[in-house]
Amino acid sequence: MLLELFILILGYGLMAILGIAIQMFLKPFSLKVENSGIEGAGKYIGIFERIIIFTLVLTNQYAAISIVFGAKSIARFKELNSRHFAEYYLLGTFASISTALIIGIIFKLLFGNFNF
């Protein structure tokens, strides 16, 4: 039980830290995108997004991942009219979702299924 808790803390910490890699990946693409919204909010949205997706993978709720993507798209619907923003948004979202999915699957393969 204690080992499972440690593994989960490690996984969730990794979800938070991976934002740095995603931010570095997106940096060259951010030059043409106008800043909007609360400064720095995207970073925290990404962390929560990866945490939720990681949890959904660990609990075998893969279909529910589409809800996360849908909610983000609804929130940014008007801004998606700008091609530069839409491409930047999709790159960031897919990088974040892919990362959480891959790490979640690796955790399941290495450590087995988690019983919540």
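A residue is counted as buried when its relative accessible area is under 20%. This cut-off is applied below to a predicted model, first for the whole protein and then for helix H3 and its surroundings.

The protein contains four helices and zero strands, so that the order of elements from the N terminus is α-α-α-α. The C-alpha trace spans about 45 × 25 × 20 Å along its principal axes. Of the 116 residues in the protein, 32% are buried. Among contacts with a separation of 6 or more, 78% are made by residues 24 or more positions apart.

Within helix H3, which comprises residues 65-75, the buried residues are Ile65, Val68, Lys72 and Ser73. These four residues lie on the same side of H3, because the arc that they cover around the axis is only 130 degrees. A general property of helices is relevant to such a pattern. An α-helix has 3.6 residues a turn, so residues three or four places apart point the same way. The opposite situation is found on the face of H3 turned away from the buried side, where Ile67 and Ile74 are exposed. The partners of the buried residues of H3 are helix H2 and helix H4, the latter formed by residues 83-111.

The packing of H3 against H2 was examined next. Helix H2 covers residues 41-58, and its axis lies 9 Å from that of H3, at an angle of about 160 degrees. H2 is therefore roughly antiparallel to H3, since angles over 145 degrees are placed in that class. The crossing of the two helices, H2 and H3, is right-handed. On the H2 side, the contact involves Ile45, Glu49, Ile52, Ile53, Leu56 and Val57; on the H3 side, it involves Ile65, Val68 and Lys72. By class, this contact of H2 with H3 comprises seven nonpolar residues, two charged residues and no polar ones. Ile65, Val68 and Lys72, which meet H2, are also among the buried residues of H3.

Ser73 is likewise located in H3. Its relative accessible area is 17%, and serine 73 is therefore classed as buried. Leaving aside residues up to four places away in sequence, serine 73 touches Leu80 and Tyr89. Tyr89 falls within the range of H4, residues 83-111.

Two further residues of H4 were considered, and they differ in their accessibility. Threonine 93, a residue of helix H4, has a relative accessible area of 0% and is therefore buried. When residues up to four places away in sequence are not counted, threonine 93 touches Glu49, Phe69 and Lys72. Of these, Glu49 in H2 and Lys72 in H3 also take part in the contact between H2 and H3. Threonine 93 of H4 thus touches residues belonging to that contact.

Leucine 91 is also placed in helix H4. In this case the relative accessible area is 30%, and leucine 91 is therefore partly exposed. With residues up to four places away in sequence again not counted, leucine 91 touches Phe25, Leu26 and Phe29. A separation in sequence can also be set beside a distance in space: leucine 91 and methionine 24 are 67 residues apart along the chain, and their C-alpha atoms are 12 Å apart.

Methods:
Residues are numbered from 1 along each chain as its sequence is written. This is a predicted model: local features need pLDDT of at least 70, side-chain atom pairs count only at pLDDT 80 or more; totals for chains, interfaces and linings use all residues. Side-chain values use heavy atoms; hydrogens and water are left out. Axes are lines fitted to C-alpha atoms, for helices over the stretch in contact, and angles run from 0 to 180 degrees between N-to-C directions. Angles under 35 degrees count as roughly parallel, over 145 as roughly antiparallel, 65 to 115 as roughly perpendicular and the rest as oblique. A crossing is left-handed if the near helix is turned anticlockwise from the far one by less than a right angle, and right-handed if clockwise. Contact means heavy atoms within 4.5 Å. Ala, Val, Leu, Ile, Met, Phe, Trp, Tyr, Cys and Pro count as nonpolar, Asp, Glu, Lys and Arg as charged, and the others, Gly among them, as polar. Buried means under 20% relative accessible area, exposed over 50%, partly exposed in between (1.4 Å probe, protein chains only). The arc is that of the directions from the helix axis to the C-beta atoms.
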